[in-house]
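Colleague: Could you walk me through this one before I get back to the bench?
Modeller: Gladly, let me put it up first.

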Amino acid sequence: MEFGKLFELVIAASLINNFVFTRFLGLCIFFGVSRKMETAVGMSITFTAVMVVSAALSWVVYEYVMIPLDITFLKIIIFIGIVAAFVQSADTIMKKVSPTLYYKLGVYLALITTNCIILAVPLINAGEHYSFFESIAFGLGSGLGFALALVIMASIREKLEVADVPAPFKGLPISFIIAGLIALAFTGFSGLITL
Amino acid sequence: MAEAKTHELVVSVSPHIRGKETVGRIMWTVNLSLLPAFIMSVYYFGPRAVYVTGLCIVASVLFEHAFQVSLKKKTTIGDGSAFLTGLLLGLNLPASSPFFIPIIGSFIAIVITKLLFGGLGYNIFNPALIGRAFLLISFPKLLTTWTEPTAKFIDMDAKTTATPLGILKEEGLVRLMEVFGSKTELYKSLFMGSTAGSLGETSAIALLIGAALLLARGYITWHIPVSYVATVGALAWVFGGEGLFTGDPLIHILSGSLILGAFFMATDYVSGPTVRKGQLIYGIGCGAITMLIRLKGGFPEGVMFAILLMNCFAPLIDRAVKPDLFGAVKEQKK
């Protein structure tokens, strides 16, 4: 267990192989909630928390249930099930235990189940045979990377609110162009860490 | 706390004196301040420098005019900003670029990066740098073929060679010393501009003359360039050598497009932060990312990507360091 490897995993997953800007995953939520900074921050917090827990849960199930039973070919269905079950139970528990928190973040929880990053992370963890802590580090890095992307995007879109964007490009089209240009800037990080 | 905020906003009755500064005046002055760098590039790289830079300028101005005319808007080519984008893009290209490189780069810079966002004042990214980054990713071979500066004004097939940073990255400091002879020779070449590289980036002295004009006129302030260059120097000194604190800051400061980037592109009013404190953070961030890419990344030069990445963060920095509204009461936390 080396700390350096874990740190590299977090950096690699959040900056160098940022899910949004280099793998182009999770775009529906990325464009959906990045219009306002407030929703972007709420989503970032919820997403990172769910990401870490579901990466850990999936690892445990994969390692101790699926490999012994030799049903790894079912991993896509099982991982979706794990994530959906976890998010739903978190939703229910939060509603009972902390209604204020539920009121603030609950609306994002339902959205997260439809995000493809949440499925990609357990699949990559299983494919790369990461250890338990490496899986958590990868999940954390992915969550932070997504949070970073959301917050950058929200700050840019709020600034563009007053801009005289040509009519056909208003709203979503210009957002896709912004995402493309940010992705262009993020290519500067390529080759920084090779895992 | 009442004494701390003694600024008073005085608005006198009319008539007011109108300032002489306009967007056009500032932009044309910046264009003028790049003239020494352009002259040096013509001196070292010959007619190719005029050809590449001229094509960039013509293409940029034409794209801006055509776009605005076709949308039935008022054309803004007279304010010199499209000219400046073309000039900066040209000065960032290698002398051997074939004709389609300036044209594609100008299209990306002017139409995609500037006009689609609503024109001058709304672009999130520096147009010339996005144009250059797009070209580098799309045509990596053409954009990294550097010709040797001959300083002979004849157009001939020049010898290709590597940039000082390219040699430093691929073969190390020892090889760089072999090429240039001694450290003094290396510094002299980097300072005057007789090294391989993009057209306008090589000559530190020409760029500094232009930067001095901008600083004297108050069009740029010291915050971004100084914090940028100082961060690069400090990180080069600490991490650039074999061991800690043995690196050579001067090589990293004078080589590559650092001077051009720090004084002419990071200081862009539109794509950088506007609050002074934010500008310092922005400069330090640019410096840190530049050195990260130069020392550890996959590219030999990091100035372009560093400024573009900090462009992404500029709206966020501005939000974070936003000064309190005059007379505003801080929100009470429960």
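**Chain B and its salt bridges**

Modeller: This is a predicted model, and in it chain B has 16 helices and two strands. The radius of gyration of chain B is 21 Å, close to the 20 Å that the globule rule gives for 334 residues, so chain B is as compact as a globular protein of that length.

Colleague: And what share of the residues in chain B is buried?
Modeller: Buried residues are 50% of the 334 in chain B, while the chain exposes about 16,200 Å², of which carbon and sulfur atoms supply 67%.

Colleague: Switching to charges, how many salt bridges are there over all chains?
Modeller: A search of the whole structure gives eleven salt bridges, and one of them pairs B:K73 with A:D164 at 3.4 Å, N to O. That pair crosses between chains, running from the loop between α3 and α4 of chain B to the loop between α7 and α8 of chain A.

Colleague: Which side chain does B:E64 meet in a salt bridge?
Modeller: B:E64 meets B:K114, at 2.8 Å from N to O. Because B:E64 lies in helix α3 of chain B and B:K114 in helix α5 of chain B, the pair ties together parts that are 50 residues apart in sequence.

Colleague: Is B:E64 buried or exposed, and what about its partner?
Modeller: B:E64 is buried, with a relative accessible area of 0%, and B:K114 also counts as buried, at 2%. By contrast, B:K73 is partly exposed at 33% relative accessibility, and A:D164 is partly exposed at 41%.

Methods
Residues are numbered from 1 along each chain as its sequence is written. Chains are lettered from A and ligands numbered from 1 in the order in which they are written. This is a predicted model: local features need pLDDT of at least 70, side-chain atom pairs count only at pLDDT 80 or more; totals for chains, interfaces and linings use all residues. Side-chain values use heavy atoms; hydrogens and water are left out. Helices (H or I, at least four residues) and strands (E, at least two) are DSSP runs, numbered from the N terminus. The radius of gyration is taken over C-alpha atoms; the globule rule is 2.2 Å times the number of residues to the power 0.38. Buried means under 20% relative accessible area, exposed over 50%, partly exposed in between (1.4 Å probe, protein chains only). Accessible areas come from the Shrake-Rupley method with a 1.4 Å probe; for residues, only the protein chains shown count as cover. A salt bridge is a side-chain nitrogen of Lys or Arg within 4 Å of a carboxyl oxygen of Asp or Glu.
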